Amino acid sequence: MPAESLDDAATVRAYKSLAQVERAFRTIKTVELEVRPIHHRLAGRVRAHVFLCMLAYYIVWHMRRALAPVLFDDHDREAARVSPVVKARPSASARTKAQRKRTHEGRPVHSFRTLLQDLATLTRNIVRIGQDAPAAMLASPTPLQQDVFNRLGIPIAP
């Protein structure tokens with residue numbers, strides 16, 4: 001069975017996608033995911049560790065795509081690309097975000113790390129009053145946090 005051939009543009013796009021793979025490994029190894037080398041000797045544990053690393057990266061990838069409008073990431077990159085051979089330029093919306101440091105809605109633009117830090121301030125507290133059973137209380141999300149949860153499809157009860 002003959003292998004599928006790629007046209008010139010598809011070949012260039014496939015080659016340039018190697019940068020995404022390199023970025024993925026950098027993401028896994030750096031503080032963004034905080035996945036450190038763990039030395040396993042048993043095959044099942046090695047497979048489990050690799051699976052968890054790839055699952056963590058997939059979650060980050062999915063989040064970055066869904067949250068691109070509130071991040072410095074270019075969420076309109078393909079619209080700005082004229083040819084796969086020409087060096088990619090930021091889209092007009094990405095340039096606007098970078099210059100204004102604000103989203104289209106007027107909120108501050110975040111890096112992925114600072115957005116995670118902001119999300120980490122949302123707390124869940126266990127409260128017990130007298131002899132009553134403990135109750136979980138979720139702090140009210142900020143407008144930015146609520147927007148992020150909406151974009152990710154995560155329902156947050158008021």
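Accessible areas here come from the Shrake-Rupley method with a 1.4 Å probe. With that in hand, here are some notes on this predicted model, as numbered points.

1. Surface and burial. The protein exposes about 12,000 Å², and carbon and sulfur atoms supply 59% of that area. Of its 158 residues, 21% count as buried.

2. Overall layout. You will find 7 helices and 2 strands in the protein. Following the sequence from start to end, the pattern reads α-α-α-α-α-α-β-β-α. As for contacts with a separation of 6 or more, 53% of them are between residues 24 or more positions apart.

3. The largest nonpolar core. Which residues touch the most other members of this core? They are Leu 67, Leu 71, Leu 115 and Val 148, out of 13 residues in the core. Two or more residues each come from H3, helix H6 (112–119) and helix H7 (143–152). The largest share, 4 residues, is given by H7. As background, nonpolar side chains tend to be buried together in soluble globular proteins.

4. Leu 115 and its contacts. If you want one residue from which to look around the core, Leu 115 is a handy choice. Setting aside neighbours within four places in sequence, Leu 115 is in contact with Leu 67, Val 70, Leu 71, His 110, Leu 144 and Val 148. Three of these names may look familiar: Leu 67, Leu 71 and Val 148 are listed with Leu 115 among the core residues that touch the most other members.

5. A nonpolar patch on the surface. Phe 51, Leu 52, Leu 55, Tyr 58, Ile 59 and Trp 61 make a nonpolar surface patch of about 610 Å². Take Leu 55 as an example: this residue sits in helix H3 (residues 43–67). With a relative accessible area of 36%, Leu 55 is partly exposed. That value fits the patch criterion, because patch residues must have over 30% relative accessible area.

6. The salt-bridge network. The structure holds 4 salt bridges. A network of these links Glu 105, Arg 107, Asp 147 and Arg 151. As a general point, side chains of opposite charge can pair when their charged atoms come close. The next three points go through the pairs in turn.

7. Arg 151 with Glu 105. The closest N and O atoms of this salt bridge are 3.6 Å apart. Arg 151 lies in helix H7 while Glu 105 is in the loop between helix H5 (92–100) and H6, so the pair ties together parts that are 46 residues apart in sequence. Both partners count as partly exposed: Arg 151 has 27% relative accessibility, and Glu 105 has 46%.

8. Arg 107 with Asp 147. These side chains meet in a salt bridge with an N to O distance of 3.5 Å. Here too a loop is joined to a helix: Arg 107 lies in the loop between H5 and H6 and Asp 147 in helix H7, so parts that are 40 residues apart in sequence are tied together. Is Asp 147 buried or exposed? Asp 147 counts as buried, at 14% relative accessibility, because the cut-off for buried is under 20%. Its partner Arg 107, at a relative accessible area of 26%, is partly exposed. The two side chains are also joined by a polar contact of 3.5 Å. Not counting residues up to four places away in sequence, Asp 147 touches Val 70 and Arg 107.

9. Arg 151 with Asp 147. How far apart are the closest N and O atoms in this salt bridge? The distance is 3.1 Å. Both residues lie in helix H7, 4 residues apart, about one turn of the helix. Arg 151 thus appears in two of the pairs described here, with Glu 105 and with Asp 147.

10. A backbone point to check by eye. Lys 101 has phi near 60°, a positive value in a residue other than glycine. For context, most residues other than glycine have a negative phi. Where is Lys 101? Lys 101 lies in the loop between H5 and H6, and with a relative accessible area of 47% this residue is partly exposed. The loop between H5 and H6 also holds Glu 105 and Arg 107, which were met above in the salt-bridge network.

How values were computed: Residues numbered from 1 in each chain as written. Predicted model: local features only at pLDDT ≥ 70, side-chain atom pairs only at ≥ 80, totals over all residues. Heavy atoms only, no water. Patch = residues over 30% accessible without salt bridge, like charges linked within 9 Å, V, L, I, M, F, W, Y side chains within 5 Å. Buried < 20%, exposed > 50% of the residue type's maximum accessible area, 1.4 Å probe, protein only. Core = buried A, V, L, I, M, F, W, Y, C linked by side-chain atoms within 4.5 Å. Contact = heavy atoms within 4.5 Å. Polar contact = N/O pair within 3.5 Å; in protein donor to acceptor, adjacent residues only side chain to side chain.
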